[in-house]
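Biologist: Got a minute to walk me through this model? I'd like the overall picture and then some side-chain detail.

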Amino acid sequence: MGVNSQPMSEMSTRAREVFRVVVESYLGSGQPVGSRTISKLAGLNLSPASIRNVMQDLEELGLLEAPHTSAGRMPTQSGLRLFVDGMMQTAEPSIEERAAIEARAARGSPVEEALAQTSAVLSGLSACAGIVLVPPHEMVLRQFSFVPLSRQQAVAVLVGHDGSVENRVVDLPPGLPPSALVEAGNFISDRLGGLTLAEARARIEAELGRERAALDAAAASLVQQGLAVWSEDGSARPVLIVRGQANLIDPSAAADLERVRQLLDEIEGKEEIARLLDSARSGQGMKIFIGSENKLFSLSGSSVIAAPYRGGDGRVVGVVGVIGPTRLNYARIVPMVDFTAQALTRMMA
């Protein structure tokens with residue numbers, strides 16, 4: 001019998017309370033819960049035999065299951081979904097937790113650095129791996145220079161309007177005079193500042209055509225090469241930041257190292273997780289993926305809690321969240337992720 005065949009509103013008060021105690025106890029301990037434990041925790045004044053009957057009913061509904069030979073019960077993934085969607089009472093982040101998140105999501109540092117720090121602090125607070133899907137963007141040029149390494153190579157240094165700095169090694173044309181490095185850097189900074197890389201490349205052909213007399217041929221070649229080295233690897237820019245993978249390996253997971261190994265493998269396949277998170281962009285609020293509800297985590301049985309954050313124009317630009325085992329403290333982590341998304345939205349404004 002499926003879960004949806006008996007909505008929560010039709011469950012008896014006794015069944016709802018037993019179910020709540022089983023789920024909350026399991027999420028706290030990771031262990032199946034027995035009838036004697038429930039009789040102590042629930043305060044229902046029911047005998048262990050009566051509680052066992054209720055648990056049997058919940059098992060037939062697909063909400064609880066008994067692992068191997070244990071006499072206790074634990075929630076199924078369907079049971080976790082029912083609890084998260086309809087019974088969970090969330091606990092708002094503490095003042096200290098809010099302050100820690102907001103400090104990392106503050107302006108004044110490059111966007112990707114702030115996002116990485118926010119992902120790290122969210123990981124630390126949740127004891128999960130923190131994940132941030134970075135908004136796809138192209139750096140806007142502010143300054144460009146070439147620093148010689150040898151006669152054959154130089155470092156192209158790009159400074160963006162957001163204060164971020166990136167370096168790439170470029171090969172130099174044979175016999176290039178040192179003055180050409182300065183000339184090419186000045187040309188890019190003066191003529192192409194304020195443009196994205198795509199806009200700069202679109203303009204460069206016409207600019208070089210007009211300026212070729214004033215710009216040495218070797219410097220002109222360097223200008224094209226210096227811009228090309230960024231544009232070519234634009235697709236390789238990190239779109240997913242993951243921090244705190246070590247949190248996924250804890251003593252309680254020692255008996256299930258294969259699941260942890262599988263999860264770490266899945267995290268390494270960032271492209272897959274990026275696609276999963278991308279599906280949260282279209283939503284207006286929190287998305288919770290539990291275990292095999294998502295094909296990506298069917299093997300490791302992991303959960304993802306994710307929320308979109310917005311840019312200055314109000315459009316969704318990225319997603320922030322955590323990934324961990326299905327046995328998460330959902331009541332605490334869900335509002336924490338939501339608060340982090342709000343903090344990033346304020347930062348992006």
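Modeller: Sure, here is a quick chat about the fold, one helix pair and some aromatic rings.

Modeller: It is a predicted model, so local features need pLDDT of at least 70, side-chain atom pairs count only at pLDDT 80 or more, and totals for chains, interfaces and linings use all residues. Residues are numbered from 1 along each chain as its sequence is written, and side-chain values use heavy atoms, with hydrogens and water left out.

Biologist: How many helices and strands does the chain have?

Modeller: There are 12 helices and 10 strands, taken as DSSP runs numbered from the N terminus (helices: H or I, at least four residues; strands: E, at least two).

Biologist: And what share of the residues is buried?

Modeller: Of the 349 residues in the chain, 46% are buried, meaning under 20% relative accessible area with a 1.4 Å probe, protein chains only.

Biologist: New topic: which residues of α1 meet α4?

Modeller: Phe19, Arg20, Val23, Glu24 and Leu27 do, and on the α4 side they meet Gly79, Leu80, Leu82 and Phe83. Contact here means heavy atoms within 4.5 Å.

Biologist: What about aromatic pairs, how many are there?

Modeller: The count is 1 aromatic pair, with ring centres of Phe, Tyr or Trp (its six-membered ring) required to lie within 6.5 Å. Phe144 and Phe146 have ring centres 5.3 Å apart and planes at 50°, so the pair is tilted; under 30 degrees would be stacked and over 60 edge-to-face.

Biologist: Are those two buried or exposed?

Modeller: Phe144 is buried at 2% relative accessibility, and Phe146 is buried at 8%.

Key: Buried < 20%, exposed > 50% of the residue type's maximum accessible area, 1.4 Å probe, protein only.
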